[in-house]
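I am opening a fresh notebook page for this one. Come and look things up with me, one entry at a time.

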Number of protein chains: 2
Amino acid sequence: MQSGFTRQQASALTGLSCRQLDYWRKTGLVIPQQQTAGGHSRYGFIDLVVLRAARRLLDADISLQRIRKCLQSLARFLPASKHPLAELSLVVTGDVVLVFHGERAFDALTGQEWVFPIAELAAEVEKLQQPPPQQGELFTAEKHPGVRA
Amino acid sequence: MQSGFTRQQASALTGLSCRQLDYWRKTGLVIPQQQTAGGHSRYGFIDLVVLRAARRLLDADISLQRIRKCLQSLARFLPASKHPLAELSLVVTGDVVLVFHGERAFDALTGQEWVFPIAELAAEVEKLQQPPPQQGELFTAEKHPGVRA
DNA sequence: AAACGACAAAAAAGGGATTTCTTGTCATTT
DNA sequence: AAATGACAAGAAATCCCTTTTTTGTCGTTT
């Protein structure tokens with residue numbers, strides 16, 4: 001019984017070239033969890049998940065350099081447990097990769113979180129309409145929107 | 001009884017300068033929903049929500065030009081109804097603004113959607129571990145279409 | 001007040017050249 | 001096979017300079 005995937009197997013299973021796996025290992029992007037006595041690579045389950053994630057990011061035209069940073073933060077989540085995976089999602093857009101963990105969204109690169117609900121803004125504004133019942137002609141406001149372009 | 005906020009009120013309520021409101025109006029970023037007979041601006045409820053959203057984006061170091069594009073897509077959601085607001089969220093990161101509507105995430109700029117769950121990847125990999133109980137040698141064929149350009 | 005116009009400083013976007021990073025391919029070694 | 005090393009093409013990032021946007025401040029006008 002084997003304890004991991006060889007470079008070639010990992011390549012076949014992820015669609016990445018051996019050259020890439022080598023380079024990625026050498027540069028620390030994805031280092032196989034195990035090694036044979038002779039010093040040969042043996043990729044583990046998590047490795048494959050990460051490799052496939054990287055593959056998809058590449059397909060989405062995310063540069064390797066950006067992926068490097070992304071995987072770092074992704075690595076912070078993966079080790080956790082098995083459940084989190086189900087709650088984990090990646091959102092990839094033109095320029096950014098976000099890691100979603102439940103309700104929260106983190107920039108996979110900076111790790112910063114920046115989410116805010118529109119409803120919150122609406123609530124704030126709404127609150128401003130009622131309170132100031134002052135100079136009988138200033139505030140009184142209207143309710144309805146007629147949105148602009 | 002009036003129907004809207006004056007420039008100065010809007011300024012006070014959003015923290016934006018009158019100069020900005022003027023410029024934004026002139027350049028079409030946020031055009032007051034109404035006008036007085038004399039041609040003076042009267043900002044409406046939605047205007048304030050949009051202005052405050054813009055304000056927060058500015059605070060997050062999103063450039064005005066980017067905000068211009070963001071608000072365009074935001075405008076596509078706001079007009080909808082009243083409920084959506086509660087489900088709407090903005091995620092702002094270094095480079096991108098995403099509009100979240102329920103489960104979906106849209107790039108506020110391009111409108112493209114690109115989300116994928118990690119669990120999915122894990123499931124795929126997991127499926128690959130069980131089936132191949134073959135000749136103790138190695139995998140024969142590759143599953144993947146192969147290489148990208 | 002609010003709108004306008006003008007001038008200037010600050011911020012952001014663009015463009016082009018240069019440098020660094022990735023990946024393929026091939027040969028050699030373990 | 002897998003790991004290494006080397007050469008080269010292509011992709012991406014970085015830097016620097018120029019152009020465009022934004023915003024503040026002043027004066028005038030409505």
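**Entry: a loop in chain B.** I began at Asp61(B), which sits in the loop between helix 3 and helix 4 of chain B. Helices and strands here are DSSP runs, numbered from the N terminus: H or I over at least four residues for a helix, E over at least two for a strand. I was working with a predicted model, in which local features need pLDDT of at least 70, side-chain atom pairs count only at pLDDT 80 or more, and totals for chains, interfaces and linings use all residues. For my labels, residues are numbered from 1 along each chain as its sequence is written, chains are lettered from A and ligands numbered from 1 in the order in which they are written, and side-chain values use heavy atoms, without hydrogens and water.

I looked up the backbone at Asp61(B) and found a positive phi, near 65°, in a residue other than glycine. Most residues other than glycine have a negative phi, so I made a note of it. Is Asp61(B) buried or exposed? Asp61(B) is exposed, at a relative accessible area of 69%. My cut-offs are under 20% relative accessible area for buried, over 50% for exposed, and partly exposed in between, with a 1.4 Å probe and protein chains only.

**Entry: the helix before that loop.** Next I stepped back to helix 3 of chain B, residues 45-59. Its 15 residues reach 21 Å from first C-alpha to last, close to the 21 Å expected at 1.5 Å a residue. The expected span is 1.5 Å times one less than the number of residues. I listed the buried residues of this helix, among them Phe45(B), Ile46(B), Leu48(B), Val49(B) and Leu57(B). Asp47(B) is on the buried list too.

**Entry: the counterpart number in chain A.** I checked Asp61(A) as well, and its phi is positive, about 70°, although it is not a glycine. Asp61(A) lies in the loop between helix 3 (45-59) and helix 4 of chain A. Asp61(A) is exposed, with a relative accessible area of 69%.

**Entry: chain A as a whole.** I counted six helices and six strands in chain A. Along the sequence they run α-α-β-β-α-α-α-β-β-β-β-α. Chain A has 149 residues, and 45% of them count as buried. About 7800 Å² of chain A is exposed, with carbon and sulfur atoms supplying 51% of it; the areas come from the Shrake-Rupley method with a 1.4 Å probe, and for residues only the protein chains shown count as cover.

**Entry: Leu64(A).** I found Leu64(A) in helix 4 of chain A. Leu64(A) counts as partly exposed, at 21% relative accessibility. Setting aside neighbours within four places in sequence, Leu64(A) is in contact with Tyr23(A), Trp24(A) and Leu29(A), where contact means heavy atoms within 4.5 Å.

**Entry: DNA strand D.** Which residues are closest to DNA strand D? Of the 20 residues that surround the strand, the closest are Ser41(A), Ser17(B), Tyr23(B), Trp24(B) and Arg68(B). Sugar and phosphate make up 73% of the strand's atoms that come within 4 Å of the protein. For a residue, near means that one of its heavy atoms lies within 4 Å of the strand.

I then looked at phosphate oxygens of DNA strand D: a polar side-chain atom lies 2.6 Å away in Ser41(A), 2.8 Å away in Ser63(A) and 2.6 Å away in Trp24(B). Helix 2 of chain B gives the largest share of the surface near this strand, four residues. I sorted that surface into four nonpolar, nine polar and seven charged residues. Ala, Val, Leu, Ile, Met, Phe, Trp, Tyr, Cys and Pro count as nonpolar, Asp, Glu, Lys and Arg as charged, and the others, Gly among them, as polar.

**Entry: DNA strand C.** I ended with DNA strand C, which 18 residues surround, the closest being Ser17(A), Tyr23(A), Trp24(A), Arg68(A) and Ser63(B). Here sugar and phosphate account for 79% of the strand's atoms within 4 Å of the protein. From a phosphate oxygen of DNA strand C, I found a side-chain N or O atom at 3.4 Å in Thr6(B), at 3.1 Å in Gln8(B) and at 2.8 Å in Ser41(B). Helix 2 of chain A gives the most to this surface, with four residues. The residues near DNA strand C divide into four nonpolar, nine polar and five charged.

Technical notes: Polar contact = N/O pair within 3.5 Å; in protein donor to acceptor, adjacent residues only side chain to side chain.
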